[in-house]
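Please open the model in a viewer and keep the sequence panel at hand. The stops below give a selection to make and then what is found there.

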Amino acid sequence: LCLSYIDSFAQMLFWPSGKTGKNFVDAVISFGGDPTIGLVHPLQAIREYKRMKSIWNDVAVKIEAIFPGPEYELLTQDQFLQILSTHLPPKIITLVTTEIWRTTIASIAYFYIRNPSIHFFGAGSDMSFSKTTYKGDQISGIDFKRLHNIAINLHSELRRRSETTNQWFGNDDIIHA
């Protein structure tokens, strides 16, 4: 349920964009109040880029060679792009930049918790990262408490917009007659 609220709030925050996954990730990163949720997980980059096919499979293979795992250190988006830029041509870095949202912890919440929870009965409710660190420290998993805090923060942003503009979630055009 928490993920449904986050998703709905995200669509309102980035309306009229129809990029629902990107909206979810961007909202969680921008307004969720969670400092590690926007970090890049190299394994997530590998998985998502392989799933995208075409040229992305080659990109995923190169990322996998750079970050072989099975232990991973999270990176800021800038750090990730900087590391990749020493191994990949600028044209590919530009492509990766447009799809970097898919590589984040927030995207893991979207693809591996939100999507199964919305589309399938009985999907998993949380996720742990037993072999993942940030600045050498183990990172926390994605659980109800973390998602609940994000939902509250997204709602706070929507409320702030409404009160500032005196419009529905900051934009009356969201309402369809």
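**A cis proline before the first strand**

Begin with Pro 70, which is placed in the loop between α4 (55–66) and β1. The peptide bond that leads into this residue, from Gly 69 to Pro 70, is cis, with omega near 10 degrees. The model is a predicted one, and local features are taken from it where pLDDT is at least 70.

**The whole chain**

Now display the entire chain as a cartoon. Its secondary structure amounts to eight helices and three strands. Followed from the N terminus, the elements appear in the order α-α-α-α-β-α-α-α-β-β-α. The chain has 177 residues, of which 42% count as buried. If contacts between residues at least 6 apart in sequence are considered, 61% of them join residues at least 24 apart.

**The sheet**

Select the three strands next. They form an open sheet in the order β1-β2-β3, and the pairing is mixed. β1 (72–73) and β3 (137–138) occupy the edges; each has a single partner strand, so one side of each lacks a neighbour in the sheet. Strand β2 (residues 132–134) pairs with β1 in the parallel sense, over two bridges. To inspect this pairing, show Tyr 72, which stands opposite Thr 132 in β2.

Continue along the chain to Lys 135, in the loop between β2 and β3. Its phi is near 55 degrees, a positive value in a residue other than glycine. Is Lys 135 buried or exposed? With a relative accessibility of 66%, Lys 135 counts as exposed.

A second lysine can be selected for the same kind of inspection: Lys 53, found in the loop between α3 (42–52) and α4. Lys 53 is not a glycine, yet it has a positive phi of about 65 degrees. Lys 53 is exposed, its relative accessible area being 55%.

**The loop between α1 and α2**

Move to Trp 15, in the loop between α1 and α2. Pro 16 is placed in the loop between α1 and α2 as well. The peptide bond from Trp 15 to Pro 16 is cis, with omega near 15 degrees. The relative accessible area of Trp 15 is 30%, so this residue is partly exposed. Add Asn 171 to the selection: 156 residues separate it from Trp 15 along the chain, whereas the two C-alpha atoms are separated by 8.7 Å.

**The packing of α1 on α2**

Show the two helices on either side of this loop. How do the axes of α1 and α2 cross? They come within 8 Å and cross at roughly 95 degrees. α1 is therefore roughly perpendicular to α2. To see the contact, display Leu 3, Ile 6, Asp 7, Ala 10, Gln 11 and Leu 13 on α1, together with Thr 20, Asn 23, Phe 24, Ala 27, Val 28 and Phe 31 on α2. By class, the residues in this contact are eight nonpolar, three polar and one charged.

**The nonpolar cores**

Turn now to the interior. The largest nonpolar core comprises 31 residues, and those with the most contacts inside it are Ile 6, Phe 24, Val 28, Ile 105, Ile 142 and Leu 154. At least two residues of this core come from each of α1 (2–13), α2 (20–31), α7 (105–119) and α8 (144–165). The largest share, seven residues, is supplied by α7.

Centre the view on Val 28. Which residues is Val 28 in contact with, leaving aside its neighbours within four places in sequence? They are Ile 6, Gly 33, Ile 37, Ala 106, Ile 150 and Leu 154. Apart from the largest core lies another, of 19 residues; Ala 45, Trp 56, Ile 63 and Leu 75 are among them.

**A last stop on α8**

Finally, select Ser 156, which is placed in helix α8. Ser 156 has a relative accessible area of 38% and is partly exposed. Show Gly 32 beside it: Ser 156 and Gly 32 are 124 residues apart in sequence, and their C-alpha atoms are 9.5 Å apart in space.

Technical notes: Residues numbered from 1 in each chain as written. Predicted model: local features only at pLDDT ≥ 70, side-chain atom pairs only at ≥ 80, totals over all residues. Heavy atoms only, no water. Core = buried A, V, L, I, M, F, W, Y, C linked by side-chain atoms within 4.5 Å. Buried < 20%, exposed > 50% of the residue type's maximum accessible area, 1.4 Å probe, protein only. Helix = DSSP H or I, 4+ residues; strand = E, 2+ residues; numbered from the N terminus. Contact = heavy atoms within 4.5 Å. Axes fitted to C-alpha atoms, helices over the stretch in contact; angles between N-to-C directions. Parallel < 35°, antiparallel > 145°, perpendicular 65-115°, else oblique. Nonpolar A, V, L, I, M, F, W, Y, C, P; charged D, E, K, R; others polar. Pairing = 2+ DSSP bridges.
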